[in-house]
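Please open the model in your viewer and keep the sequence panel beside it, since the tour moves from one selection to the next.

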Amino acid sequence: MEKYYTFRIKRYLPEENPSERWDEFRIKLNSMERVLDGLVKIKETKDGTLTFRKSCAHGVCGSCAMKINGKNKLACQSLVKDLPELIVIEPLPSLPVIKDLVVDMTMFFEKNDKVLPYLINEEPPPERERIQSPQDQHKILESITCIMCGSCTTSCPVFWANKNYLGPSALLKAFRFIFDTRDRATDERLARITGENGIWRCHSIFNCVEVCPKEIDVTKHILKLKRLAVKKGFTGGEK
Amino acid sequence: MRYRWNTGSIAWLVHRITGIILTFYLIAHIYVLSHLKDPEAYQKIMSMMKNPIIKFGELVLFAIVLKHVFAGIRITLLEMGVSTKYQKQLAYAGALIIAVLWFVGAFYFLQEVF
């Protein structure tokens, strides 16, 4: 079933004056199509200057996260038939905008680096691989599914107010390695995330859980980290 | 910036606002208490408290305290390990208990006036 949808898109064109404006496009889409298809159609047929990130278009790469009708979502995962006729699209909140819907994710990835997002194990590796039991794998299974689209961190009111806050995404990454039984740098990571801008800034607002396209319960993981930090004596302040 | 509200963020905002109000209330409360130096002053202030406007204010304060207490209990339960799957149900259950307690409390509060 085909239907007309109005896309109201927040534009940011740095070389134009004024650089910010709202554009409206009216296009026909069928009920199987997604917001991303609409954006591609607009770019192809209405306005070639419209800029947005996309890659896989199947909810795996996490490139097309944007604010759709007031909530962060992946454009490739939002069917237009589930949305009202007027679809309002903005870039991810509180990150610097480069052009239109493309935001500068540098800040986001820097936070990720702060939690040492790689396996640290000084023990000599076994002949083939470091074995992990299925039970141990299940402890971190949910956190592994993160695609790092940035929806969670940019939906967090604490991050809006304090850009130094590590944010749900980086904390989830920390969880992924701290609770990995093959990893040995738990204390080092806990010291990094229990500082002034770490886990204690999380107020359990659940905005990140609401927006996660992979349906990860991020707050649950942060709360587990908090309990581990208390148990291990990392109760705040830089160590 | 506009962003869609959900149960968690509303619960957090109300918790914050009631907390700020209670901070100011506590300062005012201690200020009033510091004037209770002799039985005469005590009687004077207590008769002031019978004023219906003050009674109405007390009811509002009661609602704020209840809301703040139950928001705190919800967060404490979540931090202690109650599954975050139930965060919304906890918020709604809290709101229900607050409503019941407030009506029961209001009944006793207003009995003193009428």
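Is A:Ala57 buried, partly exposed or exposed? Select A:Ala57 and count around it: the residue is partly exposed, because 17 other C-beta atoms lie within 10 Å, where 20 or more would make a residue buried, 12 or fewer exposed, and anything in between partly exposed, with C-beta atoms placed from the backbone. Before going further, note that this is a predicted model, in which local features need pLDDT of at least 70 and side-chain atom pairs count only at pLDDT 80 or more, while totals for chains, interfaces and linings use all residues. Residues are numbered from 1 along each chain as its sequence is written, and chains are lettered from A and ligands numbered from 1 in the order in which they are written.

Stay on A:Ala57, which has a positive phi of about 65° although it is not a glycine, and which is found in the loop between α1 (35-45) and β3 of chain A; helices (H or I, at least four residues) and strands (E, at least two) are DSSP runs, numbered from the N terminus.

Next, select residues 65-68 and 71-74 of chain A, which are strands β3 and β4, paired in the antiparallel sense over four bridges; two strands pair if DSSP finds at least two bridges between them. Across this pairing, A:Lys67 stands opposite A:Asn72 in β4(A). The two strands form a hairpin with two residues between them, and A:Asn69 in the turn has a positive phi of about 45°.

Now add residues 86-90 of chain A, strand β5, which runs antiparallel to β3(A) and is joined to it by two bridges. Here A:Ile68 stands opposite A:Ile89.

Move to A:Pro18, in the loop between β1 (2-12) and β2 (20-30) of chain A, and display the backbone: the peptide bond from A:Asn17 to A:Pro18 is cis, with omega near -5°.

Then select A:Glu215, in the loop between α8 (207-211) and α9 (218-232) of chain A. Phi of A:Glu215 is near 55°, a positive value in a residue other than glycine, and A:Glu215 is exposed, with 8 other C-beta atoms within 10 Å.

Finally, show both chains: 14 residues of chain B are in contact with 16 residues of chain A, contact meaning that the C-beta atoms, placed from the backbone, lie within 7 Å. On the side of chain B that touches chain A, α1 (7-33) and α3 (52-80) of chain B each supply at least two residues.

Terms used
Contact = placed C-beta atoms within 7 Å.
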